[in-house]
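Here are some short exercises to work through with the model open in your viewer. Try each task before you read its solution.

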Amino acid sequence: MTFLPMTTRDELPPEARSAVERRLEFDASPITALESTLLANPASFAAYLQWYALREEIAPWIGERAVSLFSYAISDENDCEVCSLAFRKLLVDSGDDPDRPEVTETEQLLIDWGRLIVRSPHGIPDAFYGRLEAAFSPERRLTVLAFAGQMIAVNLIATVGRVPLDPALAAYRRPGRDV
């Protein structure tokens with residue numbers, strides 16, 4: 001059970017309703033338990049909406065699939081059940097195997113970077129930085145890293161806030177791994 005407040009759309013003040021409408025411009029899917037939690041404070045919700053803005057910026061040049069793979073790698077490595085299952089669902093529903101995806105060189109680079117960012121942000125090898133420099137311009141590296149930071153922040157809210165799992169995600173748990 002979450003120890004953070006959760007709201008329903010019917011309980012939202014006008015400022016929060018406006019924030020929901022802005023979110024629906026990015027993504028028409030139903031409001032999640034995580035978003036219902038953040039909506040208890042419109043400024044928090046607005047801050048976390050930046051994840052969508054950054055996603056919209058990077059998706060055209062790395063692809064929606066790469067965004068999902070990168071987000072899944074970060075959330076899975078961070079052991080965030082809510083977020084990892086949300087991206088696992090996106091990947092499975094699009095026909096991918098998130099445990100053994102067939103990936104491009106760039107997608108693998110992003111998967112590896114996402115896991116390294118979480119696992120060892122101080123220990124990313126110079127050779128890996130060289131691979132990133134060869135693949136992405138400085139501006140794009142900044143944008144992807146900012147997106148990763150937003151993803152980690154979302155993981156933190158979901159995990160520390162004990163946000164409940166949306167029922168639709170439970171079926172996407174890996175046997176023996178996700179609790």
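## Exercise 1: helix α1 and its two sides

The buried residues of α1 pack against two other helices, α2 (33-38) and α3 (42-62). Keep in mind that you are working with a predicted model.

**Task.** Check the length of helix α1 against its residue count, then find which of its residues are buried and where they sit around the axis.

**Solution.**
- Step 1: Helix α1 covers residues 14-26, which is 13 residues, so at 1.5 Å a residue it should span 18 Å. Its end C-alpha atoms lie 19 Å apart, in agreement with that value.
- Step 2: Under 20% relative accessible area counts as buried, and in α1 the buried residues are A16, A19, V20 and R23.
- Step 3: These residues cover an arc of only 105° around the axis, so they are on the same side of α1.
- Step 4: Turn to the other side of α1, and you will find P14 and E25 exposed.

## Exercise 2: a well-covered helix

**Task.** How many residues of α4 are buried, and which elements do they pack against?

**Solution.**
- Step 1: Start with the span. α4 has 14 residues and reaches 20 Å from its first C-alpha to its last, close to the 20 Å expected at 1.5 Å a residue.
- Step 2: Of those 14 residues, 11 are buried, leaving the helix mostly covered. Among them are A66, V67, F70 and I74, along with the polar S68, S71 and D76.
- Step 3: The partners of these buried residues are α3, α5, α6 and α8.

## Exercise 3: the largest nonpolar core

**Task.** Which residues have the most contacts inside the largest nonpolar core, and which element gives the largest share?

**Solution.**
- Step 1: A general point helps here: in soluble globular proteins, nonpolar side chains tend to be buried together.
- Step 2: The largest nonpolar core has 52 residues, and those with the most contacts inside it are I62, F70, L110, W113, F128, F147 and M151.
- Step 3: Two or more residues of this core come from each of α1, α2, α3, α4 (64-77), α5 (81-93), α6 (105-119), α7 (126-135) and α8 (138-160). The largest share, nine residues, is that of α3.
- Step 4: Zoom in on L110. Leaving out residues up to four places away in sequence, L110 touches I62, A66, F70, F136 and V144.

## Exercise 4: two positive phi values

**Task.** Where are D79 and R162 placed, and are they buried or exposed?

**Solution.**
- Step 1: Most residues other than glycine have a negative phi, so positive values merit a look.
- Step 2: Phi of D79 is near 60°, and D79 sits in the loop between α4 and α5. Exposed means over 50% relative accessible area, so D79, at 57%, counts as exposed.
- Step 3: R162 has a positive phi of about 50° and is found in the segment after α8. With a relative accessible area of 58%, R162 is exposed.

## Exercise 5: the largest pocket

**Task.** Which element gives the most to the lining of the largest pocket?

**Solution.**
- Step 1: The largest pocket holds about 790 Å³ of space.
- Step 2: It is lined by 30 residues, of which D27, S29, T32, Y52 and A86 are the closest to its centre.
- Step 3: α2, α3, α4, α5 and α8 each give two or more residues to the lining.
- Step 4: The most comes from α5, with seven residues.

How values were computed. Residues are numbered from 1 along each chain as its sequence is written. This is a predicted model: local features need pLDDT of at least 70, side-chain atom pairs count only at pLDDT 80 or more; totals for chains, interfaces and linings use all residues. Side-chain values use heavy atoms; hydrogens and water are left out. Helices (H or I, at least four residues) and strands (E, at least two) are DSSP runs, numbered from the N terminus. The expected span of a helix is 1.5 Å times one less than its number of residues. Buried means under 20% relative accessible area, exposed over 50%, partly exposed in between (1.4 Å probe, protein chains only). The arc is that of the directions from the helix axis to the C-beta atoms. Contact means heavy atoms within 4.5 Å. A nonpolar core is a set of buried Ala, Val, Leu, Ile, Met, Phe, Trp, Tyr and Cys residues joined through side-chain atoms within 4.5 Å. On a 1 Å grid over the protein atoms alone, a cavity is a set of points where a 1.4 Å probe fits but cannot get out, and a pocket is an open set with protein on both sides within 12 Å along at least five of seven lines; lining residues have an atom within 4 Å of a point. Grid points are joined across faces, edges and corners, and a volume is the space filled by probe spheres set on the points.
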